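Grab a pencil and work through these exercises with the model open beside you. Each one sets a task and then walks through the solution.

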Amino acid sequence: ESNHNEHLRKWLNLFDHREDPRNAKLYFGLMYTMMKNIEEGNHVSPFEAYCRMFRDDHSLEFTQRDKGKLISGVEVSYHGDRGANGTRGSIAQFAKTGKKYVIGHSHSPKIEKGCYQVGTSTSRLEYATGLTTWANTHCVIYPNGQCQLLTINSGGWR
């Protein structure tokens with residue numbers, strides 16, 4: 001989970017289908033899915049419920065926010081928006097810990113010591129004007145714990 005998930009929860013709480021009929025079908029479908037999960041005793045985040053609306057074959061794994069999830073020795077449960085002692089997160093803070101991390105949040109790829117920061121998976125958003133360091137960049141974690149950032153340009157990474 002991340003601050004993005006929190007925005008989805010806020011949207012669900014504030015949404016009025018009469019003011020935005022275009023998104024009403026999504027809202028009602030997601031709310032139905034959330035209620036169904038609650039009835040079944042599955043307390044999931046709205047983002048997880050949304051993802052499972054399209055793919056519920058248990059091949060997706062959702063981690064709890066900041067609770068620790070290692071893949072080949074690399075910590076992947078921190079989005080990067082929360083930092084040390086209640087501060088705003090940054091790659092510099094995570095790099096100082098001595099552990100290997102993959103984080104996101106800033107939408108700009110970067111590597112600092114053992115911390116790999118991915119980019120965004122979106123096209124350029126309307127509020128991102130002017131020069132930008134944003135890039136469609138993902139991280140591959142190999143079985144030996146090595147990481148590699150892959151940037152998608154013109155539909156491909158090569």
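**Exercise 1. Decide whether Lys113 is buried, partly exposed or exposed, then place it in the chain.**

Step 1: Lys113 has a relative accessibility of 66%, so it counts as exposed. The cut-offs are under 20% relative accessible area for buried, over 50% for exposed, and partly exposed in between (1.4 Å probe, protein chains only).

Step 2: Lys113 sits in the loop between β4 and β5 (115-117). Helices here are DSSP runs of H or I with at least four residues, strands are runs of E with at least two, and both are numbered from the N terminus.

Step 3: Pick Glu6 as a partner, 107 residues from Lys113 along the chain; their C-alpha atoms are separated by 29 Å.

Before you go on, a word on the ground rules: this is a predicted model, in which local features need pLDDT of at least 70 and side-chain atom pairs count only at pLDDT 80 or more, while totals for chains, interfaces and linings use all residues. Residues are numbered from 1 along each chain as its sequence is written, and side-chain values use heavy atoms, with hydrogens and water left out.

**Exercise 2. Sketch the overall layout of the protein chain: how many helices and strands are there, and in what pattern?**

Step 1: Count the elements, and you get 4 helices and 7 strands.

Step 2: Walk along the sequence to read off α-α-α-β-β-α-β-β-β-β-β.

Step 3: For dimensions, the C-alpha trace spans about 50 × 40 × 35 Å along its principal axes.

Step 4: Of the 158 residues in the protein chain, 32% are buried.

Step 5: Now take contacts (heavy atoms within 4.5 Å). Among those between residues at least 6 apart in sequence, 34% join residues at least 24 apart.

**Exercise 3. Check whether the span of helix α2 (residues 24-39) agrees or disagrees with its residue count.**

Step 1: The expected span of a helix is 1.5 Å times one less than its number of residues.

Step 2: With 16 residues, α2 should therefore span 22 Å, and its end C-alpha atoms are 22 Å apart, so the two agree.

Step 3: Look at which side chains are tucked away: Ala24, Tyr27, Leu30, Thr33, Met34 and Asn37 are buried in α2.

Step 4: After α2 comes Gly41, with a positive phi near 80 degrees.

**Exercise 4. Find out which strand pairs with β6 (residues 137-141), and how they run.**

Step 1: Two strands pair if DSSP finds at least two bridges between them. Strand β6 is joined to strand β7 (residues 147-151) by 5 bridges, and the two run antiparallel.

Step 2: Match up the residues: Cys139 is opposite Leu149 in β7, and Val140 is opposite Gln148.

Step 3: Keep a rule of thumb in mind here: side chains in a regular strand alternate between the two faces of the sheet.

Step 4: The two strands make a hairpin with 5 residues between them, and Gly145 in the turn has a positive phi of about 90 degrees.

Step 5: Finish with Leu150, which is part of β7. Leu150 counts as buried because its relative accessibility is 17%. Its C-alpha is 5.4 Å from that of Thr137, 13 residues away in sequence.

**Exercise 5. Compare the settings of Ser72 and His105: which loops hold them?**

Step 1: Ser72 is in the loop between β1 (70-71) and β2 (74-75), while His105 is in the loop between β3 and β4.

Step 2: Check the backbone. Ser72 has a positive phi near 50 degrees, in a residue other than glycine. His105 also has a positive phi in a non-glycine residue, near 65 degrees.

Step 3: Check the cover. At 36% relative accessibility, Ser72 is partly exposed, whereas His105 is buried at 17%.

**Exercise 6. List the contacts of Ser108, leaving aside its neighbours within four places in sequence.**

Step 1: Ser108 is found in the loop between β3 (101-103) and β4 (110-112).

Step 2: With a relative accessibility of 11%, Ser108 counts as buried.

Step 3: Its contacts outside that window are Gln117, Val118, Gly119, Thr133 and Trp134.
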